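Let's take a friendly walk through the sheets of this protein and the helices that pack on them. Have the model open beside you as you read.

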Amino acid sequence: MSLIPTHLERIARARTDLRLGLPVVLEGANKEQALILATEGLDPDRFNAFRDLGEVALVITTRRAETLNARAYDGDLARLALPGGATVDWVKAVADPKDDLSTPMKGPFSALRGGSAALHRTALALMKSAHLLPAALVVPLDGDAPVDLTRLNSALTDEALSAEVDHDLVVTGRVPILVSQAGRVHVFRPGDGGEEHVVCEIGQPPRSAPVLVRLHSACFTGDVLGSLKCDCGPQLHTALAQMGDEGSGILLYLNQEGRGIGLANKMRAYALQDQGFDTVEANHRLGFEDDERDFRTGADLLKRLGFSSVRLMTNNPAKVAMMEAQGIDVVERVPLKAGLNPLNERYLGVKAQKSGHLL
């Protein structure tokens, strides 16, 4: 194996750089290249140095552009020209909706059109991959980029970020838990350098028969703190209890916090909900889609453990469809009714009305 990082490893490095506030070089077709920088954690000195390189565009998703009444000429994104007197505070105010209601007049905006938006699109995909706000500063480079910066080919990066991720089983350990002393935990590490996922196996379910499965996205606030804003914690414990009663089951505990937007962005969405927006509206104002999770991960982990058919504990038909599309036979959808309380009644209503959950 070469000591030089692969492209997938370079993407993992780029995610870390962006989270640290470092720029990354993107290379496109015909030797086109640009420097990209996250708006989150933007430093004034680095911002000024960035502006000295040329005409900078602030790139946001169409979801965010709709909130700001900015034109999205490129379909899924908008490229906004920076006003002459733009400051770091201006950039952050456009990217982050936390003060939209108190300072609603951020425009008028000058949206750019014409030319390729391929590098800008890749920049947004990288921000989402790093669990940062989906907004980026992009400046085209005419000369050579600084040699110490991470460089990525845009087309290869787009392909890698949309591809199904492979997972390696790192370790398995016995963990007696409340619902069953016969518990085993399998830790899987994704090949793209992302967060590890956990599978809890209750009992010894045969690989030749449908297994009771709960596909559960990590929810720190609900699972750990017992938040009353969602039904995640009660669903988790109800699913484990049923597996314990039946003597076997599989809990897929996936690190896809906040429907795949990460814990920090989830807290931003919670703050917007305090301003009166529902879950979906809050995600859109942040620049995300309703649900950014990749459910292919769960199917991959099941296959690696030798399972091909399941009884899926879910109220979400999308999970059933995803499993079947990935070659997992869902012989039964097992409803999971738990966690309704006066503080999450509206949240659950939105899940039913806008996300198609069967509650």
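## Two sheets and their helices

In this predicted model, helix H1 (residues 7-20) lies across E1, E2 and E6, and runs at about 125 degrees to E6. Those strands belong to an open sheet of six strands with mixed pairing, ordered E4-E3-E5-E2-E1-E6. Strand E4 (77-81) and strand E6 (151-153) are at the edges; each has a single partner strand, so one side of each lacks a neighbour in the sheet. From one strand to the next, the twist averages 30 degrees.

Now to the other sheet. Seven strands make up an open sheet in the order E7-E8-E9-E11-E10-E12-E13, again with mixed pairing. Here the edges are taken by strand E7 (167-174) and strand E13 (329-334), and because each has a single partner strand, one side of each is left without a neighbour in the sheet. Neighbouring strands are turned by 25 degrees against each other on average, direction ignored.

Which strands does helix H8 touch? Helix H8 (residues 232-246) packs on the seven-stranded sheet, touching strand E9 (197-202), strand E10 (211-217), strand E11 (249-254), strand E12 (309-313) and E13. The direction of H8 makes about 165 degrees with that of E10.

Two antiparallel pairs are set out here, one from each sheet:

| Strand pair | Bridges | Facing residues |
|---|---|---|
| E1 (residues 24-27) and E2 (residues 33-38) | four bridges | Glu-27 and Gln-33 |
| E7 (167-174) and E8 (residues 183-190) | seven bridges | His-167 and Pro-190 |

Such strands pair through backbone hydrogen bonds.

Note on methods: Residues numbered from 1 in each chain as written. Predicted model: local features only at pLDDT ≥ 70, side-chain atom pairs only at ≥ 80, totals over all residues. Heavy atoms only, no water. Pairing = 2+ DSSP bridges. Helix = DSSP H or I, 4+ residues; strand = E, 2+ residues; numbered from the N terminus. Axes fitted to C-alpha atoms, helices over the stretch in contact; angles between N-to-C directions. Contact = heavy atoms within 4.5 Å.
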